[in-house]
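Start with the fold, then work down to single backbone angles. Keep the structure open as you read.

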Amino acid sequence: MSSYNHCFAQLYDRLTDNVAYKSGSDFISGFFSDNGTEQGTILDLGCGTCSVSMHLAEKGYRIIGIDSSAEMLQIASQKLVGVGCDFSLINAKMQDFSLAEQVDGAISTLDSINHLNCADDVQNVFYSVYNCLKKNGLFIFDVNTVYKHNYVLANNTFVFDEKDFFLSWDNELLEENKVRILLDFFIYNGQSYDRYSEEFCETAYSIDELTKMLKTVGFNDLQIYTDFHKSPPTDDSERLFFICKKE
């Protein structure tokens with residue numbers, strides 16, 4: 001799993017400013033509220049810059065964020081300090097962590113699970129989350145679908161042309177469900193452009209694969225929705241939300 005370089009971490013929020021973070025956090029917090037979890041501690045796995053959990057913090061939740069990128073966590077810390085919430089940030093791999101306490105809920109958003117390119121790593125995440133959740137706690141995560149990897153990301157190229165930087169985002173479909181992503185940044189330094197590169201892979205897992213792994217660890221109460229709507233998955237769904245309850 002990529003830990004992201006300093007350049008990508010600094011630009012990450014700008015590159016994702018089209019993401020509906022507030023709507024997403026409202027969608028997620030609605031499930032927590034319905035489950036009776038209107039306060040308490042939420043674990044954010046692969047938290048990045050905490051753009052989602054920052055809004056949960058504004059609602060009064062305490063946040064524990066885990067991410068393998070120290071650069072991302074530095075930005076997350078600044079944002080959470082600004083909210084004035086109680087939080088802890090841990091520099092660790094999401095597939096290899098343990099907590100000294102149990103939490104009231106857990107999330108993993110923005111396809112963090114897809115960054116795990118080995119099914120055993122995904123299974124380890126599910127085991128760890130299950131073990132650190134309190135009874136009846138919810139684990140909510142999203143994933144890019146197999147359809148999105150094979151037909152949307154695929155071998156396509158995307159370009160971000162901004163005033164102070166240029167980004168070429170190249171995808172390469174390595175095999176079914178797995179995409180290699182190559183990022184080339186050109187950052188304006190006042191006179192010329194400095195180049196920085198980033199490369200990582202994402203793997204899509206089928207609903208059946210994820211459901212089997214979740215049930216193996218004890219998450220038998222599952223709901224699966226398309227994006228921010230409580231609609232069932234379709235063949236061309238690009239993102240899915242899994243709502244998993246520890247009974």
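The text below moves from the sheet to its helices and then to a few phi values.

This is a predicted model. Begin with the sheet. Strands of a sheet pair through backbone hydrogen bonds, in either the parallel or the antiparallel sense. Here seven strands form an open sheet with mixed pairing. Read across the sheet, the order is 3-2-1-4-5-11-10. Strand 3 (87-91) and strand 10 (221-226) stand at the edges. Each has a single partner strand, so one side of each is left without a neighbour in the sheet. From one strand to the next, the twist averages 15°.

Now take one pair. Strand 1 (residues 41-45) runs parallel to strand 2 (residues 62-67), and five bridges join them. For a register mark, find Leu43, which stands opposite Ile64 in strand 2.

Two helices that pack on this sheet come next. Helix 2 (residues 21-34) touches strand 1, strand 4 (103-108), strand 5 (133-144), strand 10 and strand 11 (239-245). The direction of helix 2 makes about 155° with that of strand 5. Helix 4 (residues 70-83) touches strand 2 and strand 3. Its direction makes about 175° with that of strand 3.

Stay with helix 2 and check its length. It has 14 residues, and at 1.5 Å a residue these should span 20 Å. The end C-alpha atoms are 20 Å apart, so the expected and modelled spans agree. Which residues of helix 2 are buried? They are Tyr21, Gly24, Ser25, Phe27, Ile28, Ser29, Phe31 and Phe32. Just past the end of helix 2 comes Gly36, with a positive phi of about 85°.

That angle leads to the backbone elsewhere. Most residues other than glycine have a negative phi. Asn177 is not a glycine, yet its phi is positive, at about 80°. Look for Asn177 in the loop between strand 7 (165-175) and strand 8 (178-188). Is Asn177 buried or exposed? Its relative accessibility is 15%, so Asn177 counts as buried, the cut-off being under 20%.

Asp227 also has a positive phi, near 50°, and is a residue other than glycine. It sits in the loop between strand 10 and strand 11. With a relative accessible area of 30%, Asp227 is partly exposed. The loop of Asp227 leads back to the sheet, where strand 11 and strand 10 close the order 3-2-1-4-5-11-10.

Terms used
Residues numbered from 1 in each chain as written. Predicted model: local features only at pLDDT ≥ 70, side-chain atom pairs only at ≥ 80, totals over all residues. Heavy atoms only, no water. Pairing = 2+ DSSP bridges. Helix = DSSP H or I, 4+ residues; strand = E, 2+ residues; numbered from the N terminus. Axes fitted to C-alpha atoms, helices over the stretch in contact; angles between N-to-C directions. Contact = heavy atoms within 4.5 Å. Expected span 1.5 Å × (residues − 1). Buried < 20%, exposed > 50% of the residue type's maximum accessible area, 1.4 Å probe, protein only.
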